[in-house]
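Colleague: I am new to this structure and would love a guided close look at one part of it. Could you take me through the helix packing, and then show me how that part sits within the rest of the chain?

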Amino acid sequence: MHVVTLSAQDAPRYRALMLHAYEAAADAFTSTAEERATEPESWWIMRLADPKAMSVAFGAIDNGKLVGTVTIEFSSKPKTRHKAHLIGMFVMEYARGTGAGKALLAAALEAAKVRPEVQVITLTVTEGNLPATRLYESAGFKVFGVEPMAVATPGGFKSKVHMWLELPHSPHATKLSGAR
Ligand SMILES: CC(C)(COP(=O)(O)OP(=O)(O)OC[C@H]1O[C@@H](n2cnc3c(N)ncnc32)[C@H](O)[C@@H]1OP(=O)(O)O)[C@@H](O)C(=O)NCCC(=O)NCCS
């Protein structure tokens, strides 16, 4: 298994993987497969090949197959360009537990670290999603809040746990560790 940066030519297999993800792990995502299935090809291409590079998607490849993905979104706005947001983490059921999620997360974090302006990475995870929560915690993400009734699922409303990671080059992180 290895991780690559996805590009426009990966759009068909990325679309297939994510449509499966929205169904197979419905509680983990805020979009439904039905909604996303109606998106035009250009939407999927934009997700993988944003001309302004404000969004970068990674793929876990095993035996030539796309078995997992994650996307990191950056901001060009002066007041929020210090923050990146992680979305769309999914690993195929049969490929889980072998390090694909960890490798995808590491690639996304690396992409953030090489941008000196990025100091913070945020994400949300549905309450009770232990594998994902553990994965993010293992990379240093910490919980900073919980949004009640964040998503409507067939089993009722579920909360979203908000997590963040301060990158080592954040002046705030340096100040905190220096104060210890
Ligand atoms: C969350 C997910 C991406 C993890 O992918 P994965 O490839 O199985 O993860 P890895 O094998 O790289 O495991 C990395 C770490 O995650 C945690 N983890 C993974 N599976 C776990 C499980 N079943 N129970 C508890 N922790 C688990 C562990 O901390 C693990 O590290 P370790 O092996 O050193 O203990 C995968 O389970 C998935 O796609 N789930 C459905 C979609 C989803 O929930 N996405 C997240 C949206 S926020």
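**A close look at the helix packing and its surroundings**

Modeller: Happy to. Asparagine 63 is a handy place to get our bearings: with 6 other C-beta atoms within 10 Å, it is exposed. You will find asparagine 63 in the loop between β2 and β3 (65–73). Please keep in mind throughout that this is a predicted model.

Let us stay with the loops for a moment. Most residues other than glycine have a negative phi. Asparagine 63 is not a glycine, yet its phi is positive, at about 50°. Alanine 53 also has a positive phi, of about 55°, although it is not a glycine. This alanine 53 belongs to the loop between α3 and β2 (55–62). Alanine 53 counts as exposed because it has 11 C-beta neighbours inside 10 Å, and the cut-off for exposed is 12 or fewer.

Following the chain back from that loop brings us to α3, and so to the part you asked about. Two packed helices are described by the angle between their axes and the distance between the axes. Here the partners are helix α1 (residues 11–24) and helix α3 (residues 41–48), which pack at an angle of about 95° with their axes 9 Å apart. That angle makes α1 roughly perpendicular to α3, since angles of 65 to 115 degrees count as such. On the α1 side the contact is made by Ala11, Tyr14 and Arg15, and on the α3 side by Glu41, Trp44, Ile45 and Leu48. Sorted by character, the residues of this contact are five nonpolar and two charged, with no polar ones.

Now zoom in on one of those contact residues, isoleucine 45, which sits in helix α3. Isoleucine 45 has 18 other C-beta atoms within 10 Å, so it is partly exposed. If we set aside neighbours within four places in sequence, isoleucine 45 is in contact with Ala8 and Ala11. Ala11 is one of the α1 residues that make the helix contact. For a sense of scale, compare the position of isoleucine 45 with that of alanine 84: they are 39 residues apart along the chain, and their C-alpha atoms are separated by 20 Å.

Arginine 47 is also in helix α3. Arginine 47 counts as buried because it has 23 C-beta neighbours inside 10 Å, and 20 or more is what that label requires. Apart from neighbours within four places in sequence, arginine 47 is in contact with Ser55, Ala57 and Thr71. Arginine 47 and serine 75 are 28 residues apart along the chain, and 14 Å separates their C-alpha atoms.

From here we can move along the chain to the ligand. There are 20 residues around the ligand, and those that come nearest are Arg96, Gly101, Lys102, Pro131 and Leu135. At least two residues of this shell are supplied by each of β4 (83–91), α4 (100–113) and α5 (130–138). The largest share comes from α5, with six residues. By character, the shell divides into 11 nonpolar, six polar and three charged residues.

One useful link in this region is leucine 105, found in helix α4. Leucine 105 counts as buried because 25 C-beta neighbours lie inside 10 Å. Leaving out neighbours within four places in sequence, its contacts are Val70, Leu135 and Ala139. Leu135 is among the residues that come nearest the ligand. As for valine 70, it is 35 residues from leucine 105 in sequence, while the C-alpha to C-alpha distance between them is 7.2 Å.

Finally, let us step back to the whole chain. The protein chain has six helices and seven strands, which follow one another in the pattern β-α-α-α-β-β-β-α-β-α-β-β-α. Its radius of gyration is 16 Å, close to the 16 Å that the globule rule gives for 180 residues, so the chain is as compact as a globular protein of that length. Along its principal axes, the C-alpha trace spans about 50 × 40 × 35 Å. Of the 180 residues, 28% are buried. Among contacts with a separation of 6 or more, 61% join residues 24 or more positions apart. The contact between leucine 105 and Val70 that we met above joins residues 35 apart in sequence.

Note on methods: Residues are numbered from 1 along each chain as its sequence is written. This is a predicted model: local features need pLDDT of at least 70, side-chain atom pairs count only at pLDDT 80 or more; totals for chains, interfaces and linings use all residues. Axes are lines fitted to C-alpha atoms, for helices over the stretch in contact, and angles run from 0 to 180 degrees between N-to-C directions. Helices (H or I, at least four residues) and strands (E, at least two) are DSSP runs, numbered from the N terminus. Angles under 35 degrees count as roughly parallel, over 145 as roughly antiparallel, 65 to 115 as roughly perpendicular and the rest as oblique. Two residues are in contact if their C-beta atoms, placed from the backbone, lie within 7 Å. Ala, Val, Leu, Ile, Met, Phe, Trp, Tyr, Cys and Pro count as nonpolar, Asp, Glu, Lys and Arg as charged, and the others, Gly among them, as polar. A residue is near a molecule or strand if its C-beta atom, placed from the backbone, lies within 6 Å of it. The radius of gyration is taken over C-alpha atoms; the globule rule is 2.2 Å times the number of residues to the power 0.38.
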